[in-house]
Amino acid sequence: MIIDSHQHFWQYHPVKHAWIDDAMAVIRKDFMPNDLAKVYQENGVDGCVAVEADQNPAETDFLLKLASEYNFIKGVVGWIDLRNDTIDAKLEVYRHQKKLKGFRHVVQAEADHNFLLRPNFLRGVSLLEKHNYTYDILIFPHQLGSTLEFVKRFPNQKFIIDHIAKPYIKDGFYDGWAVLMQEIAKQENVFCKLSGMITEADYNHWKPEQIHPYMDLVLEAFGVNRLLFGSDWPVCLVAGNYSKVKGLVGHFISKLSAHEQQNIMGANAIKFYNL
């Protein structure tokens with residue numbers, strides 16, 4: 001099976017989705033399951049994990065409702081305020097929601113470089129393992145240092161880094177990102193998504209060769225059993241289309257064995273998110 005480990009749905013609202021700036025105007029509209037179902041049919045994709053795009057408990061309910069209506073949505077990564085004093089009880093509320101697989105916080109937007117290490121956030125994350133939830137790490141490279149400390153504190157928690165930690169591909173910055181990604185990958189409970197890469201390059205002029213060094217690094221660091229294909233649809237439409245994103249990853253991993261390719265394109269997602 002081919003599983004897209006990272007995509008979003010939304011009913012566009014200019015305030016709620018204020019992060020969609022003028023350069024991304026092409027995605028200032030609704031993107032719903034019927035739109036994606038056609039794209040998957042054209043690209044031979046069997047299912048997906050829907051990831052939050054709005055830090056509001058209503059977002060989790062919105063995605064779970066869609067997942068109950070569309071079988072190809074195999075799992076949901078929602079949002080919950082992990083800093084809340086009653087977080088344990090709030091997590092318990094979702095106990096019967098079998099398609100809810102984990103949570104994410106938009107740490108990349110936090111001004112505090114050490115947001116991940118603040119006591120109230122650490123306390124919330126410490127409860128995820130008990131409830132068998134994953135945690136998606138959404139960061140920029142300047143937050144990799146705190147991320148390394150963060151993941152070391154929870155050796156049994158399933159973590160996954162979204163968008164290979166958003167390296168500054170457009171600027172060609174590499175070394176600092178690479179060193180810390182290699183260190184983080186030594187923690188065997190941390191996985192990584194081959195996603196969101198073309199939007200870190202020049203939207204209009206990116207070439208696969210510019211992205212390959214970054215993909216090489218995460219392949220070497222995380223290996224074929226801890227990398228997951230993700231499209232980041234519809235955000236990817238800012239810099240290309242679905243087939244280009246899938247083709248970028250597919251061509252890159254074509255040097256691997258058929259079994260290893262299957263792992264990255266679907267089996268690892270099934271394992272990590274327990275789909």
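1. Two strands count as paired if DSSP finds at least two bridges between them. In this predicted model, strand β5 (residues 134-137) and strand β6 (residues 159-161) meet that test: three bridges join them, and they run parallel. One residue of that pairing can be checked by eye: Asp136 has Ile160 of β6 as its bridge partner.

2. The β5-β6 pair belongs to a wider sheet. The sheet is open and has eight strands, in the order β1-β2-β3-β4-β5-β6-β7-β8. The pairing is parallel. Strands of a sheet pair through backbone hydrogen bonds. At the edges stand β1 (3-7) and β8 (227-229). Each has a single partner strand, so one side of each lacks a neighbour in the sheet. From one strand to the next, the twist averages 25 degrees.

3. Helix α9 (residues 258-273) packs on this sheet. Its contacts take in β1, β2 (47-51), β3 (73-78), β4 (100-105), β5, β6, β7 (190-194) and β8. The direction of α9 makes about 110 degrees with that of β8.

4. Now the helix pair α5 and α6. Helix α5 covers residues 144-152 and helix α6 covers residues 175-185. They pack at an angle of about 5 degrees, and their axes lie 10 Å apart. Angles under 35 degrees count as roughly parallel, and α5 and α6 are therefore roughly parallel to each other. On the α5 side, the contact is made by Leu144, Gly145, Thr147, Leu148 and Val151. On the α6 side, Trp177, Leu180, Met181, Glu183 and Ile184 make it. By type, the residues of this contact are seven nonpolar, two polar and one charged.

5. What else does α5 touch? The buried residues of α5 pack against α4 (119-126), β5, β6, α6 and β7. Those buried residues are Leu144, Ser146, Thr147, Leu148, Phe150 and Val151. Leu144, Thr147, Leu148 and Val151 also appear in the contact with α6. An α-helix has 3.6 residues a turn, so residues three or four places apart point the same way.

6. Last, the whole chain. The protein has nine helices and eight strands. The radius of gyration is 17 Å, close to the 19 Å that the globule rule gives for 275 residues, so the protein is as compact as a globular protein of that length. Along the principal axes, the C-alpha atoms fill a box of roughly 45 × 40 × 40 Å. Buried residues make up 54% of the 275 residues. Of the contacts with a separation of 6 or more, 80% come from residues 24 or more positions apart.

Technical notes. Residues are numbered from 1 along each chain as its sequence is written. This is a predicted model: local features need pLDDT of at least 70, side-chain atom pairs count only at pLDDT 80 or more; totals for chains, interfaces and linings use all residues. Side-chain values use heavy atoms; hydrogens and water are left out. Axes are lines fitted to C-alpha atoms, for helices over the stretch in contact, and angles run from 0 to 180 degrees between N-to-C directions. Helices (H or I, at least four residues) and strands (E, at least two) are DSSP runs, numbered from the N terminus. Angles under 35 degrees count as roughly parallel, over 145 as roughly antiparallel, 65 to 115 as roughly perpendicular and the rest as oblique. Contact means heavy atoms within 4.5 Å. Ala, Val, Leu, Ile, Met, Phe, Trp, Tyr, Cys and Pro count as nonpolar, Asp, Glu, Lys and Arg as charged, and the others, Gly among them, as polar. The radius of gyration is taken over C-alpha atoms; the globule rule is 2.2 Å times the number of residues to the power 0.38. Buried means under 20% relative accessible area, exposed over 50%, partly exposed in between (1.4 Å probe, protein chains only).
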